[in-house]
Amino acid sequence: MPALTDSATMLRRNLRHALRYPSLTLSVAAMPILMLLLFNYVFGGAIGAGLTGRPAGGDYLAYLVPGMLLLTVGSATMPVAVAICTDLTEGIVARFRTMAIARASVLTGHVLGNVIQAVASLVIVLGVSLLLGFRSSAGVGDWLLVAAVLLLLTLGLSWFSAALGQISKTPEGASNIVMPMTLLLPFLSSAFVPLESMPAGIRWFAEYQPFTAVIETLRGLLAGTPVGWYGWAAVGWGVGIALLGYLWSKALFNREPTR
């Protein structure tokens with residue numbers, strides 16, 4: 001099919017860019033790793049004692065890792081918004097529009113390339129977590145579900161970021177418009193502290209926002225414990241964000257170009 005061939009071509013283009021600048025993938029993993037080190041070794045004594053009844057150590061690390069994996073996914077969505085905005089402002093998309101290629105392939109190549117880079121960053125963050133002492137009692141099936149949830153969220157946020165990149169006027173603006181999704185929401189979730197420790201208003205918001213559902217699902221799967229309604233909520237949020245992002249991105253890209 002021509003659309004698949006064109007999408008594969010665009011994917012190769014974006015992967016070549018990623019290989020040419022590997023520091024981008026490393027920078028995506030750098031922030032979650034720094035946060036992991038900061039909260040585990042600097043704040044872990046105080047927070048971990050309140051969380052587990054122990055001074056610090058592996059229990060709080062096990063609590064942190066699911067949130068760091070989600071923070072990695074959030075950080076990985078910024079490059080796709082910047083890349084699409086850059087292509088639009090530099091005129092390469094205008095050239096693609098004059099060529100006999102499927103329009104959707106331009107966005108698909110960016111999104112799939114971003115998903116692959118996000119997976120690489122997740123592997124790096126998980127590897128560092130294991131070196132720090134993180135251990136999981138999850139079985140093979142649980143790990144497969146963890147991978148599926150992370151892939152679904154990465155795909156959804158990548159499509160959503162692709163739309164945000166198209167409405168941004170500059171690459172700098174694209175990075176700023178994605179910032180609340182990549183940094184603010186993870187902090188207003190159960191990534192670092194339990195929901196029970198939050199004030200009532202913030203706790204209500206944190207409990208029902210999408211990132212908390214994903215974090216609690218990952219936490220339960222990695223610990224080998226039931227995830228409850230969080231599992232269905234995580235899947236629902238992932239599918240909803242992916243569908244909204246895809247339709248919004250496609251509608252924006254099919255408009256008459258203004259730049």
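Which pattern does the chain follow, read along the sequence?

**Figure 1. Overview of the predicted model.** Read from the start of the sequence, the pattern is α-α-α-α-α-α-α-α-α-α-α-α. The secondary structure amounts to 12 helices and zero strands. The chain has 259 residues, and 45% of them count as buried. Contacts between residues at least 6 apart in sequence were also examined: 78% of these join residues at least 24 apart. The accessible surface is about 12400 Å². Carbon and sulfur atoms account for 71% of that surface.

**Figure 2. Close-up of the packing of helices α8 and α9.** Helix α8 spans residues 140-167, and helix α9 spans residues 171-187. The two pack at an angle of about 140 degrees. Their axes are 9 Å apart. The crossing is right-handed. Helix α8 contributes Leu157, Phe160, Ser161, Leu164, Gly165 and Ile167 to the contact. From α9 come Ala174, Ile177, Val178 and Met181. By class, eight of the contact residues are nonpolar and two are polar. No charged residue takes part.

**Figure 3. Close-up of Val115 in helix α7.** The helix covers residues 103-131. Is Val115 buried or exposed? Its relative accessibility is 12%, so Val115 counts as buried; the cut-off for that class is under 20%. Leaving aside residues up to four places away in sequence, Val115 touches Leu151, Thr154, Leu155 and Ser158. Thr77 offers a further reference point for this view. Val115 and Thr77 are separated by 38 residues in sequence. In space, their C-alpha atoms are 8.5 Å apart.

**Figure 4. Close-up of the aromatic pair Trp204 and Tyr208.** The whole structure holds eight aromatic pairs. Trp204 and Tyr208 form a tilted one. The ring centres are 5.8 Å apart, with 55 degrees between the planes. Why are Trp204 and Tyr208 separated by about one helical turn? Both belong to helix α10 (residues 200-208), and the separation follows because they are four residues apart there. Trp204 has a relative accessible area of 58%, so this residue is exposed. Tyr208, at 44% relative accessibility, counts as partly exposed.

**Figure 5. Close-up of an aromatic cluster that includes Trp204 and Tyr208.** Which residues form this one cluster? The members are Trp204, Tyr208, Trp229 and Tyr230. Within the cluster, the rings of Trp204 and Tyr208 make the tilted pair described above.

Note on methods. Residues numbered from 1 in each chain as written. Predicted model: local features only at pLDDT ≥ 70, side-chain atom pairs only at ≥ 80, totals over all residues. Heavy atoms only, no water. Axes fitted to C-alpha atoms, helices over the stretch in contact; angles between N-to-C directions. Left-handed = near helix turned anticlockwise from the far one by under 90°. Contact = heavy atoms within 4.5 Å. Nonpolar A, V, L, I, M, F, W, Y, C, P; charged D, E, K, R; others polar. Buried < 20%, exposed > 50% of the residue type's maximum accessible area, 1.4 Å probe, protein only. Areas by Shrake-Rupley, 256 points an atom, 1.4 Å probe, with all protein chains shown as cover. Phe/Tyr/Trp six-rings, centres within 6.5 Å; stacked < 30°, edge-to-face > 60°.
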